[in-house]
Amino acid sequence: MIGRIFTPSEGINYNFVTGMYAIATFILVVLVILDKVVQVSQVSGFYIIFMPFAPCLLWSCIVRARWLAERNATGDGEEPKKER
């Protein structure tokens, strides 16, 4: 059952998914720094909203690695070359 969680689905671009989770995780890091280090009161506690994106980024990196490995194994990962 755990293997199914990390199995890539057809028709999903995991480069995009990982990129979106990376952006949200970056926002999380910025908000934590502003809240805990700089102590800006206007953003106090806002980082909690973005906390779920950190484990999602880890998950998407694992699935993306499998997705890229499958694409390279089947030859789908190669872009067609344009003739001049």
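## Accessibility and the case of Val30

A residue is termed buried when its relative accessible area is under 20%, exposed when the value is over 50%, and partly exposed in between. Val30 has a relative accessibility of 33% and therefore counts as partly exposed. Val30 lies in helix 2. The model described here is a predicted one.

## Overall architecture

The protein contains four helices and zero strands. Read from the N terminus, the order of its elements is α-α-α-α. Of its 84 residues, 17% count as buried. The accessible surface of the protein amounts to about 6,700 Å², and carbon and sulfur atoms account for 64% of that area.

The contacts can also be described by separation along the chain. Among contacts between residues at least 6 apart in sequence, 69% join residues at least 24 apart. Several pairs that link helix 2 with residues further along the chain are treated below.

## Thr18 and its surroundings

Thr18 belongs to helix 2, which spans residues 14–37. With a relative accessible area of 11%, Thr18 is buried, because the limit for that class is under 20%. Apart from neighbours within four places in sequence, the residues in contact with Thr18 are Leu57, Ser60, Cys61 and Arg64.

Ser60 stands 42 residues from Thr18 along the chain, yet their C-alpha atoms are separated by 5.4 Å. The pair is also linked through polar atoms: a polar atom of the Thr18 side chain lies 3.4 Å from the backbone oxygen of Ser60. Cys61, which also touches Thr18, is partly exposed, with a relative accessible area of 38%.

## Thr25 and Phe53

A second threonine of helix 2 is Thr25. Its relative accessibility is 13%, so Thr25 counts as buried. When residues up to four places away in sequence are not counted, Thr25 touches Phe53, Ala54 and Leu57. Leu57 is also listed among the contacts of Thr18.

Phe53 is located in helix 4, which covers residues 53–74. Phe53 and Thr25 are 28 residues apart in sequence, with a C-alpha to C-alpha distance of 5.7 Å. The backbone oxygen of Phe53 lies 3.3 Å from a polar atom of the Thr25 side chain. Beyond neighbours within four places in sequence, Phe53 is in contact with Tyr21, Ala24 and Thr25. Because its relative accessibility is 28%, Phe53 counts as partly exposed, whereas Thr25 is buried.

## A nonpolar patch on the surface

Phe16, Met20, Ile23, Phe26, Ile27 and Val30 form a nonpolar patch on the surface, and together they present about 570 Å² of accessible area. Membership requires over 30% relative accessible area, and Val30 has 33%.

Phe16, another member of the patch, is placed in helix 2. Phe16 has a relative accessible area of 52% and is therefore exposed, since that class begins at values over 50%. The C-alpha atoms of Phe16 and Arg64 are separated by 9.7 Å, with their positions 48 residues apart along the chain. Arg64 is also one of the residues in contact with Thr18.

## Charged pair and cysteines

The structure holds one salt bridge. Asp35 forms a salt bridge with Lys36, and the closest N and O atoms are 4.0 Å apart. Asp35 itself counts as buried, its relative accessibility being 12%.

The count of disulfides is zero. A disulfide is a covalent bond between the sulfur atoms of two cysteines. Two cysteines may be noted here by their accessibility. Cys56 counts as partly exposed at 27% relative accessibility, and Cys61 is partly exposed at 38%.

## Backbone geometry at Gln39

Gln39 is found in the loop between helix 2 and helix 3, the latter covering residues 47–50. Although it is not a glycine, Gln39 has a positive phi of about 60°. Most residues other than glycine have a negative phi. Gln39 counts as exposed because its relative accessibility is 62%.

How values were computed
Residues numbered from 1 in each chain as written. Predicted model: local features only at pLDDT ≥ 70, side-chain atom pairs only at ≥ 80, totals over all residues. Heavy atoms only, no water. Helix = DSSP H or I, 4+ residues; strand = E, 2+ residues; numbered from the N terminus. Buried < 20%, exposed > 50% of the residue type's maximum accessible area, 1.4 Å probe, protein only. Contact = heavy atoms within 4.5 Å. Areas by Shrake-Rupley, 256 points an atom, 1.4 Å probe, with all protein chains shown as cover. Polar contact = N/O pair within 3.5 Å; in protein donor to acceptor, adjacent residues only side chain to side chain. Salt bridge = Lys/Arg side-chain N within 4 Å of Asp/Glu carboxyl O. Patch = residues over 30% accessible without salt bridge, like charges linked within 9 Å, V, L, I, M, F, W, Y side chains within 5 Å. Disulfide = S-S within 2.5 Å.
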